[in-house]
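Here are my comments on the aromatic contacts and one of the helices. Please read them with the coordinates open.

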Amino acid sequence: MHAETLLDRMHGRDNNLNLLRMIAATMVLVSHSFALTTGPKGYEPWRQTSGTTPGAVAVEIFFIVSGMLLTFSLLQRRSTWGFVRARALRIYPGLLVAVGLTVFVLGPLFTTLDLATYFQSRTTWKHLITNG
């Protein structure tokens, strides 16, 4: 009889990782609610009693879950190149759209510069090149 491992439980969608992420997201909202209602140096009861906040714990949960998912993805592919390719295909399309919208839609809408100056600015093109 073989003992079930965490890797065995990662197959399929019945692994409760979405539940963990939802709980962590809720913890971030609760933690931020104190700053929103009492100011940035507002009183947060958990910090006073435990030395940490739900938001800080949530960040740790996000890192653990992300690490588990990335490790599982790498182990599933059994090829570093396949893993890197899959990560790039997951990350870069959204990144390119976000940077494009920032430079070509949001930038022109919110800049205090006239459009000609905005599009002639080295900063505009540097942002596009270094982030896209």
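The points below take the ring pairs first and a helix after them.

1. The model is predicted, not experimental. Everything that follows should be read as a description of that prediction.

2. Searching the whole structure gives 5 aromatic pairs. One of them joins F34 and W46, with 5.6 Å centre to centre and 80° between the planes. This pair is edge-to-face, because an angle over 60 degrees puts it in that class.

3. Which parts of the chain does the F34–W46 pair link? F34 belongs to helix α2 (residues 17-38) and W46 to helix α3 (residues 45-50). The two residues are 12 residues apart, and the pair is one that links distant parts of the chain. W46 is partly exposed, at a relative accessible area of 37%.

4. F119 and W125 also pair, with ring centres 6.3 Å apart. Their planes meet at 40°, so this pair is tilted. Is each ring residue here buried or exposed? Neither term applies: F119 has 30% relative accessibility and counts as partly exposed, and W125, at 33%, is also partly exposed.

5. The F119–W125 contact does not stand alone, since ring pairs link F104, Y118, F119 and W125 into a cluster.

6. Helix α7 spans residues 122-131 and is hardly covered. How many of its 10 residues are buried? The count is 1.

7. At the N-terminal end of α7, S121 acts as the cap. A side-chain oxygen of S121 lies 3.1 Å from the backbone nitrogen of T123.

Notes. Residues numbered from 1 in each chain as written. Predicted model: local features only at pLDDT ≥ 70, side-chain atom pairs only at ≥ 80, totals over all residues. Heavy atoms only, no water. Phe/Tyr/Trp six-rings, centres within 6.5 Å; stacked < 30°, edge-to-face > 60°. Helix = DSSP H or I, 4+ residues; strand = E, 2+ residues; numbered from the N terminus. Buried < 20%, exposed > 50% of the residue type's maximum accessible area, 1.4 Å probe, protein only. Polar contact = N/O pair within 3.5 Å; in protein donor to acceptor, adjacent residues only side chain to side chain.
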